[in-house]
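Visitor: Please take me slowly through one part of this structure, explaining each term as it comes up, and show me how the pieces there fit together.

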Amino acid sequence: MRGSFYTIVAGLSVLFMVLLCAGCLSTEVGDTRYDNRSVRISISHAGDPVDVHIQVTVFRITGMTQEQYTIVSAPATLVNGENLVSVPVELGPGSYKLFVYVLRDGDRKTAVIRDIVV
């Protein structure tokens, strides 16, 4: 009987942790493009509105090398569904690698790497 009790408690603990962490994966970064002096980022969010910071680390690609070009950020409020966030930055013609981070309360919630050509 005692073993069954511990099995049930362990099962409920695992279920609780899965439910607790399910909200951690509720924000996804989609398409990223450069338009009108801004990096425009599509972000899908499932849940209540949340205030975040979007940070973009830009690397310029030249031949077979990449060099950090700049780091820019902008505040955003994500609502349930699709969001389009613009982060102002001046980019000249060329190839770039963008490291896009969604930060909330100083913690990284989502991160992706995107390649763009301007």
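Guide: Strands (E, at least two residues) and helices (H or I, at least four residues) are runs assigned by DSSP and numbered from the N terminus. What you see is a predicted model, in which local features need pLDDT of at least 70 and side-chain atom pairs count only at pLDDT 80 or more, while totals for chains, interfaces and linings use all residues. Residues are numbered from 1 along each chain as its sequence is written, and side-chain values use heavy atoms, leaving out hydrogens and water.

Let us begin with Thr110, which is found in strand E7. With a relative accessibility of 11%, Thr110 counts as buried, a word that stands for under 20% relative accessible area, with exposed meaning over 50% and partly exposed lying in between, for a 1.4 Å probe and protein chains only. The side chain of Thr110 reaches the backbone oxygen of Thr27 at 2.9 Å. If we leave aside neighbours within four places in sequence, Thr110 is in contact (heavy atoms within 4.5 Å) with Thr27, Val29, Val100, Tyr101 and Val102. Val112 also has its place in strand E7, and it counts as buried because its relative accessibility is 18%. Not counting residues up to four places away in sequence, Val112 touches Val29, Leu98, Phe99 and Val100.

Thr27 now leads us to the sheet, since Thr27 stands opposite His45 in E2. Three strands form this open sheet, in the order E1-E2-E5 and with antiparallel pairing, where two strands pair if DSSP finds at least two bridges between them. Strand E1 (27-35) and strand E5 (81-88) stand at the edges with a single partner strand each, so one side of each has no neighbour in the sheet. On average, and with direction ignored, neighbouring strands of this sheet are turned by 20° against each other; axes here are lines fitted to C-alpha atoms, for helices over the stretch in contact, and angles between N-to-C directions run from 0 to 180 degrees.

How are the partners held in register along strand E2? Strand E2 (residues 38-45) is joined to E1 by seven bridges and to E5 by eight bridges, and Arg40 stands opposite Ser86 in E5. E1 and E2 also form a hairpin with two residues between them, and Asn36 in that turn has a positive phi of about 55°. E2 is mostly covered, six of its eight residues being buried.

From E2 we can step into the largest nonpolar core, which has 23 residues, with Ile41, Ile43, Ile54, Val56, Val87, Leu98 and Val100 having the most contacts inside it. Such a core is a set of buried Ala, Val, Leu, Ile, Met, Phe, Trp, Tyr and Cys residues joined through side-chain atoms within 4.5 Å. At least two residues of this core come from each of E2, strand E3 (50-62), strand E4 (65-78), E5, strand E6 (95-104) and strand E7 (107-117), and E3 gives the most, with five residues. In soluble globular proteins, nonpolar side chains tend to be buried together. Not counting residues up to four places away in sequence, Ile41 touches, among others, Val29, Ile54, Val56, Leu84, Val87 and Val100.

Notes
Polar contact = N/O pair within 3.5 Å; in protein donor to acceptor, adjacent residues only side chain to side chain.
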